[in-house]
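User: Please take a close look at one part of this model, the ligand site together with its metal centre. I would like a connected account of the contacts there.

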Amino acid sequence: MKILFKNIKGLVGIMEDSPSFIAGSEMKNFRLLHDAYLAIENGIIVEFGTMDEWPGISDWSGLEIIDAEGKFLLPTWCDSHTHTVFANSRALEFEDKINGLTYQEIAQRGGGILHSAKAMAAKSEDDLLQDALNRIHRMILNGTGALEIKTGYGLDVENELKMLRVIHRIREQVNIPIKITLLLAHALPEKFKNRMDEYVEYMIHELLPQAHEIGFDFVDLFCERDYFQVTHLKRILGAAQSLNKKGKVHLNQFYSIGGIPAALSMGALSLDHVEVLDDNDLLALQQQPTIVTALPGCSLFTKIPYTPARKLMDHNIPVALATDFNPGSAPNGNMNVINSLACIQMQMNPQEVCAAACYNGAAAMELQHEVGSITIGKRANLLITEPLEHLSELFYYFGESRIESVWINGVQQ
Ligand code: NIG
Ligand code: FE
C-alpha cells in the first residue's frame with residue numbers, strides 16, 4: 001500500500017543521515033521543505049521532494065493520495081523520558097503543593113516517590129498495564145510516536161521486576177518503538193534508612209542481573225542532594241557498562257553536585273533535567289557534547305527554573321525535549337504542551353523545538369535510525385497539522401493541539 005501526501009505546506013525535519021544527535025547550533029536548521037510531497041509504502045518513508053518534482057506515476061493501483069494543502073507534516077514526537085507506568089495519581093499532594101509545600105517538602109513528609117512505591121506494590125500487573133496503555137493511547141493521539149518508559153517506583157527487587165514485566169507487555173501491545181530504562185536508584189526506601197550505599201549494592205547485585213535476563217535498554221538514577229550521590233552514579237553506571245548498557249541520568253534538578261562531569265566520564269547517553277547548570281558543568285558538556293534532555297513540564301509543575309536550553313544550544317550542546325510524565329513532578333504526557341513551554345519559557349524557536357522533540361529525542365533513546373526525521377527508510381511515524389499560517393502556530397496555542405492526524409507505521413490512528 002502506497003500513500004502520497006501532496007501539497008504539503010511545510011515538510012519538517014528532513015535529514016539525509018542519522019548522526020548521534022543534532023548539535024545545539026544546528027538545531028535551528030532542522031530542514032523544512034516548502035510545497036512538498038511525501039510518499040510512504042508499507043509503513044516506511046520511500047520518497048519526498050517539492051511539488052514541482054511530483055513523481056510520474058505509472059501504476060495507480062493501490063495508491064492513495066492525500067491532499068495536505070496548507071498543512072505541515074512532521075515526524076512524530078519522540079518522548080525520551082517518561083515514568084508512564086505508575087499506580088495512582090498524587091492528586092492529594094497537589095493540594096499540599098497548592099498550599100505552598102515544595103517537591104522536597106512533600107517527599108520529606110512521606111509523600112513523593114515513596115508514596116508512589118506503596119501504591120505500586122499494591123496494584124496488580126494487569127491493572128498497571130491497562131492504566132499505562134490508556135495513557136499511551138492518549139499520548140499517541142497527541143503525536144507521540146516513540147517512547148521511553150522507566151521503572152523506578154518498585155524500590156525493591158520484586159516490584160522493580162514487576163514494573164519491568166509490565167513495560168515489556170506494553171512493548172508487545174503498542175505499535176510504536178518503546179525503550180526501557182531501569183531506574184534502579186530513585187529514592188531510598190524506609191527499610192534502608194541511613195544505609196544508602198548498602199541499598200545501591202543491593203540493587204546492583206540483586207536487581208541488575210535479574211533485570212538483565214528479562215531485558216532493558218538503559219539505566220538511570222536520581223543523582224541529587226538528599227537522593228543518590230555521585231559515588232552511586234559512578235557505581236551504577238559502571239555496573240551497567242559491564243552489561244553494555246548506557247546511562248540516562250536524572251541530575252541537576254535542584255543542585256549541581258558534580259553529576260554532569262561524572263556521568264560524562266561514564267559515557268552517559270543523555271543528561272536529564274539540568275535545570276541547574278554551573279560553569280564546570282557547561283565546560284564538561286562543551287568538551288564532550290552529549291544530549292541534555294529538558295523537561296519543562298516538571299519546571300512548570302514544581303515551580304523550579306527551566307533548563308537553560310538557549311544557553312546550551314548557543315554553546316553547541318544538543319538539547320532534547322521530553323514530558324517526564326509522572327504522578328509527582330510532571331503529570332502530563334502531552335508533548336504539545338512541552339513544546340509550547342519550550343518556546344514560551346526556554347527561548348527555543350519552532351525549528352529548534354522540532355529538532356529537540358523529534359530527532360534529539362529519538363537519539364536520546366538510540367532510535368534515530370528508525371524515527372525522528374523525514375529520512376528515506378525510516379518508519380512513517382508522522383503527524384499532520386491543521387492548516388496553519390506558520391509552523392510556530394503549532395506551539396502558539398499552548399495547551400491545545402493543532403495536530404489533525406497521527407500516522408504510525410503508515411496507518412492513521
Ligand atoms: O523526573 N526527579 C526524580 N524523578 C521524577 C519524579 C518522580 C516522582 O516524583 O514520582 C522526575 O521529576
Ligand atoms: Fe523523570
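Analyst: In this predicted model, an N or O atom in the side chain of Tyr-153 lies 2.5 Å from an oxygen atom of ligand 1. For Tyr-103, a polar side-chain atom is placed 2.5 Å from an oxygen atom of ligand 1, and Ser-329 likewise brings a polar side-chain atom to 2.5 Å from an oxygen atom of the ligand. Taken alone, ligand 1 exposes 330 Å², of which the protein buries 100%. The ligand sits in the largest cavity. Its surroundings comprise 15 residues, and the closest of them are Arg-90, Tyr-103, Tyr-153, Asp-324 and Ser-329.

Asp-324 leads from the ligand to the metal centre. While it is among the residues closest to ligand 1, Asp-324 also coordinates the iron ion (ligand 2) through OD. The other donors to the iron ion are the NE2 atoms of His-81, His-83 and His-250, and the coordination distances run from 2.1 to 2.2 Å. Along the sequence, these donor residues follow the spacing H-x1-H-x166-H-x73-D. His-250 belongs to strand β10 (residues 246–251), whereas Asp-324 lies in the loop between β13 (319–321) and α12 (335–346), so this pair ties together parts that are 74 residues apart in sequence.

Both members of that pair are buried. Since buried means under 20% relative accessible area, His-250 qualifies because its relative accessibility is 3%, and Asp-324 qualifies because its relative accessible area is 1%.

How values were computed
Residues are numbered from 1 along each chain as its sequence is written. Chains are lettered from A and ligands numbered from 1 in the order in which they are written. This is a predicted model: local features need pLDDT of at least 70, side-chain atom pairs count only at pLDDT 80 or more; totals for chains, interfaces and linings use all residues. Side-chain values use heavy atoms; hydrogens and water are left out. Donors are N, O and S atoms within 2.8 Å of the metal (3.2 Å for Na, K and Ca); water is not among the atoms, so sites may look incomplete. Helices (H or I, at least four residues) and strands (E, at least two) are DSSP runs, numbered from the N terminus. Buried means under 20% relative accessible area, exposed over 50%, partly exposed in between (1.4 Å probe, protein chains only). A residue is near a molecule or strand if one of its heavy atoms lies within 4 Å of it. A polar contact is a pair of N or O atoms within 3.5 Å; within protein, one must be able to donate a hydrogen and the other to accept it, and residues adjacent in sequence count only if both atoms are side-chain atoms. Accessible areas come from the Shrake-Rupley method with a 1.4 Å probe; for residues, only the protein chains shown count as cover. On a 1 Å grid over the protein atoms alone, a cavity is a set of points where a 1.4 Å probe fits but cannot get out, and a pocket is an open set with protein on both sides within 12 Å along at least five of seven lines; lining residues have an atom within 4 Å of a point. A molecule sits in a cavity or pocket if more than half of its atoms lie within 2 Å of its grid points.
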